[in-house]
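Please look over the model shown here before using its coordinates. The notes after it cover confidence, helix packing and a few single residues.

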Amino acid sequence: MKAKRGIALTAAVFVVSPLALGLGIILLIAASDDDKGGGGGDFDLSAAGSLRIGKGYVPAQYAGLIEKAAAECDAGLPASVLAAQLKQESGFNPKAQSYEYVKDPATGETIKRPLAKGIAQFIDGTWASSGIDGNGDGKKDVWDPEDAIPSQGEMMCKLLKTAKKHPGYNGSPIELALAGYNAGWGRVDEYKGVPPASFADGQTYNYVKIIMATVESLTAPNTSGNPGTSGGWGRPVKGPLGTPYHQQGGAWSSGYHTGIDFAVPTGTSIHAVGPGKVVAAGPGGAYGNQVVIKHADGMYSQYAHMSKVRVSTGDSVSGGQVIGLSGETGNAFGPHLHFEIRTGPDYGTDVSPLPYLRKKGVDI
């Protein structure tokens with residue numbers, strides 16, 4: 001418990017981590033002899049795409065929350081980094097509780113007291129200042145993953161933006177953000193990078209190192225090959241189908257519905273159905289915020305009424321990559337995703353989406 005106590009008892013000197021490390025894990029890791037700072041990790045984060053879900057990886061019930069928290073950040077925060085943090089902190093256990101051991105000033109005896117709580121292992125002080133009501137139920141609950149995971153994502157996003165302002169510091173922006181999350185940004189400034197192994201018995205150094213090493217294992221294999229040519233097809237959102245293709249009605253200028261709708265709430269992660277190149281991203285008139293992707297077979301997919309767009313025109317995307325969040329912008333009656341398959345990039349070239357997706361192997 002020495003490493004943990006070393007951090008906790010110096011709280012008056014610097015801002016401590018919002019999280020408490022899983023000491024059982026950390027104490028089994030031998031501190032590196034490298035005392036130059038930097039957590040290290042050879043995995044290329046630009047390749048970090050969808051999460052690997054299942055036993056031993058990311059639990060399915062938290063994958064959507066993690067992906068949404070990452071997509072909310074406009075600084076390029078990979079979902080797999082947030083997932084690796086949660087695995088390290090709590091093993092994805094929303095009831096996780098860690099403790100610190102301190103001396104009772106009255107008796108001199110060592111006592112055990114609660115320190116960090118929940119799936120993201122926030123300490124009380126940091127939760128009070130940085131916890132958010134992620135699910136909008138009117139309270140912020142450190143034990144509720146729907147609050148804790150968005151809070152974790154928001155903190156990491158702010159730190160990542162700060163890290164990108166210091167290109168000369170020792171460590172990548174993600175590594176610097178992780179170090180700031182663990183030890184406080186003041187320590188990153190002090191060491192001009194990730195604190196070395198000599199700081200706090202290697203707690204922050206090893207925290208960064210372990211998480212960077214875990215990221216790759218929690219990233220789904222890229223089965224798309226060349227993003228412009230093959231593989232990686234799936235549903236655009238996790239949600240039930242709504243208004244079908246070619247339903248008649250006066251709500252549409254053509255007199256019928258030109259795509260299919262998915263009934264999902266605002267803020268749901270939207271994924272590219274397959275690999276391709278973004279040919280439109282932004283305001284689209286009655287479609288609101290939209291993305292249009294050209295695929296290798298010459299067909300186009302369109303995603304409309306988005307609350308946020310996370311890609312730009314000209315980007316190459318992989319199948320399953322988060323391209324934005326659902327909403328109700330434009331001519332929409334309530335939040336949903338309007339989805340089209342087209343023979344061209346523009347309105348009026350639509351074809352029935354479901355047969356097309358099924359031919360790509362999508363179970364829908």
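The report below starts with confidence and then turns to packing and single residues.

## Basis and confidence

This is a predicted model, in which local features need pLDDT of at least 70, side-chain atom pairs count only at pLDDT 80 or more, and totals for chains, interfaces and linings use all residues. Residues are numbered from 1 along each chain as its sequence is written, and side-chain values use heavy atoms, with hydrogens and water left out.

pLDDT is the predictor's confidence in each residue, from 0 to 100. The protein has a mean pLDDT of 81, with 82% of its residues at 70 or more. Two stretches fall under 50: residues 1-48 and residues 222-231. Contact means heavy atoms within 4.5 Å. Beyond four places in sequence, the model has 116 contacts for residues 1-48 and 19 for residues 222-231. Where pLDDT is low, the predicted coordinates should not be read in detail.

## Overall make-up

The protein has 10 helices and 13 strands. These are DSSP runs, numbered from the N terminus: helices are H or I with at least four residues, strands are E with at least two. Of its 364 residues, 48% count as buried. Buried means under 20% relative accessible area, exposed means over 50%, and partly exposed lies in between (1.4 Å probe, protein chains only). Among contacts with a separation of 6 or more, 62% join residues 24 or more positions apart.

## Two helix pairs

Two packed helices are described by the angle between their axes and the distance between the axes. Here the axes are lines fitted to C-alpha atoms, for helices over the stretch in contact, and angles run from 0 to 180 degrees between N-to-C directions. Angles under 35 degrees count as roughly parallel, over 145 as roughly antiparallel, 65 to 115 as roughly perpendicular, and the rest as oblique.

How do the axes of α7 and α9 cross? Helix α7 (residues 173-183) comes within 9 Å of α9, axis to axis, and the crossing angle is roughly 135 degrees. That makes α7 oblique to α9. The crossing is right-handed. A crossing is right-handed if the near helix is turned clockwise from the far one by less than a right angle, and left-handed if anticlockwise. On the α7 side, the contact residues are Ile174, Glu175, Leu178, Ala179, Tyr181, Asn182 and Ala183. Helix α9 contributes Gln203, Thr204, Tyr207, Val208, Ile211 and Met212. By class, this contact has nine nonpolar, three polar and one charged residues. Ala, Val, Leu, Ile, Met, Phe, Trp, Tyr, Cys and Pro count as nonpolar, Asp, Glu, Lys and Arg as charged, and the others, Gly among them, as polar.

Helix α3 (residues 60-71) packs on α6 (residues 145-163) at about 30 degrees, with the axes 9 Å apart. The two helices are therefore roughly parallel to each other. Their crossing is right-handed. Tyr62, Leu65, Ile66 and Ala69 of α3 meet Pro145, Glu146, Ile149, Pro150 and Gly153 of α6. Seven of these residues are nonpolar, one is polar and one is charged.

## Around helix α7

Helix α7 is mostly covered, with 10 of its 11 residues buried. What covers the buried residues of α7? The cover includes α4 (79-90), β3 (122-123), α6, α8 (185-191) and α9. Glycine 184 follows α7 and has a positive phi, near 95 degrees.

## Single residues

| Residue | Place | Relative accessible area |
|---|---|---|
| Threonine 214 | helix α9 (residues 203-215) | 16%, buried |
| Valine 292 | strand β7 (residues 289-294) | 1%, buried |
| Histidine 246 | loop between α9 and β4 (260-262) | 34%, partly exposed |
| Histidine 305 | strand β8 (residues 300-306) | 5%, buried |

Leaving aside neighbours within four places in sequence, threonine 214 contacts Ala84 and Lys87. Valine 292, with residues up to four places away not counted, touches Lys277, Val278, Val279, Ala280, Tyr300, Ser301, Gln302, Arg342 and Pro345. Valine 292 and threonine 313 are 21 residues apart in sequence and 8.8 Å apart in space, C-alpha to C-alpha.

Most residues other than glycine have a negative phi. Histidine 246 has a positive phi of about 65 degrees. Histidine 305 also has a positive phi, near 65 degrees.
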